[in-house]
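Visitor: I am new to this structure and would like a close look at a single part of it. Could you take me to the aromatic rings, and then show me what surrounds them?

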Amino acid sequence: MAKPRIFISSTFYDLRQIRIDLDRFIKEMGYEGVLNELGNIPYGKDERLEEYCYKEISNIDILVSIIGGRYGSDSIYEGNSISQIELRTALELNKQVYVFIEKNVYAEYQTYMLNRENDSTKYRFVDNIKIYEGINVVENLQSNNNIHGFETSADITNYLKDQ
């Protein structure tokens with residue numbers, strides 16, 4: 001029987017330790033983690049690297065999206081980051097999705113909702129307003145919007161243990 005494959009989607013540098021901890025947890029559970037930095041995504045030479053990430057999502061069972069305060073790299077799909085498109089791709093393919101949002105970012109999201117028409121509002125916990133726009137899209141999904149706040153990787157692994 002094949003091991004369930006779990007794709008970890010997030011920005012890299014700011015959430016590197018969370019990604020490492022989550023990959024260790026996934027392996028301890030007997031599953032296979034799919035992380036870009038570990039070479040789990042086969043790349044080719046015919047398309048942009050991000051396209052291979054999106055294609056790999058069709059081969060996974062679960063996507064864990066981790067959202068912090070960094071927007072990350074722009075996608076070739078205008079107005080979105082690569083991690084936002086990874087999440088959207090998983091949702092379009094009807095994959096099981098878990099979304100974890102750093103607690104300070106998630107708390108400040110409420111301030112964004114009250115001030116989203118005010119262009120002069122400054123936000124402390126994000127480097128780009130598009131993070132809150134992406135959270136708003138996920139919150140308004142009719143299904144598969146399993147969202148939880150986190151402070152540490154233990155918050156994420158403890159939740160996933162119970163699933």
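Guide: Happy to. Please keep in mind that this is a predicted model. A good place to begin is a cluster in which ring pairs link Y106, Y109, Y112, Y123 and Y132. Across the structure there are 10 aromatic pairs. Let us look at one of them, formed by Y109 and Y132: the ring centres are 6.2 Å apart and the planes meet at 45°, so this pair counts as tilted. Tilted is the word for angles that are neither under 30 degrees, which would be stacked, nor over 60, which would be edge-to-face.

Now see where the two partners come from. Y109 belongs to helix α4 (residues 103-115) and Y132 to helix α5 (residues 130-139), so their pairing ties together parts that are 23 residues apart in sequence. Both rings belong to residues hidden from the outside. Y109 is buried, with a relative accessible area of 1%, and Y132 is buried too, with a value of 0%.

From Y132 we can step into the largest nonpolar core, which has 26 residues. Y132 is among the members that touch the most others, along with L63, V99, I101 and I135. Several elements each supply at least two residues to this core: α2 (49-56), β3, α3 (82-92), β4 (96-102), α4 and α5. Such a grouping fits a broader pattern: in soluble globular proteins, nonpolar side chains tend to be buried together.

I101 gives a good sense of how far these contacts reach along the chain. Leaving aside residues up to four places away in sequence, I101 touches I67, Y106, I135, I147, H148, G149 and F150. Y106 brings us back to the ring cluster, since Y106 is one of its members. Apart from this core lies another, of 16 residues, including L15, L22, V64 and I66.

Helix α3 is worth a stop as well. Its buried residues are S83, Q84, I85, E86, L87, T89 and A90, and they pack against β1, α2, β3, β4 and α5. Just after α3 comes N94, which takes a positive phi of about 60°.

That mention of β1 leads us to the strands. Strand β1 (residues 5-9) is mostly covered, with 5 of its 5 residues buried. R5, F7 and S9 point one way from the strand, while I6 and I8 point the other way. β1 runs parallel to strand β2 (residues 32-34), and 3 bridges join the two; within this pairing, F7 has V34 as its bridge partner. To get from β1 to β2, the chain passes through helix α1 (residues 16-28), making a right-handed β-α-β crossover. β1 also pairs with strand β3 (residues 62-67), again in the parallel sense, over 4 bridges. There, I8 stands opposite V64, and V64 is one of the residues of the 16-residue core.

For a contrast with all these covered residues, look at K27 in helix α1. K27 is exposed, with a relative accessible area of 52%. K27 and I6 are 21 residues apart in sequence, and their C-alpha atoms are 10.0 Å apart in space.

One last ring before we finish: Y52 has the charged end of K55 sitting over it, 5.7 Å from the ring centre.

Technical notes: Residues are numbered from 1 along each chain as its sequence is written. This is a predicted model: local features need pLDDT of at least 70, side-chain atom pairs count only at pLDDT 80 or more; totals for chains, interfaces and linings use all residues. Side-chain values use heavy atoms; hydrogens and water are left out. Rings of Phe, Tyr and Trp (its six-membered ring) pair if their centres lie within 6.5 Å; planes under 30 degrees apart count as stacked, over 60 as edge-to-face and the rest as tilted. Buried means under 20% relative accessible area, exposed over 50%, partly exposed in between (1.4 Å probe, protein chains only). A charge sits over a ring if NZ of Lys or CZ of Arg is within 6 Å of the ring centre and within 35 degrees of the ring normal. Two strands pair if DSSP finds at least two bridges between them. A crossover is right-handed if, with the strands pointing away from the viewer, the path from the first strand over the helix to the second runs clockwise. A nonpolar core is a set of buried Ala, Val, Leu, Ile, Met, Phe, Trp, Tyr and Cys residues joined through side-chain atoms within 4.5 Å. Contact means heavy atoms within 4.5 Å.
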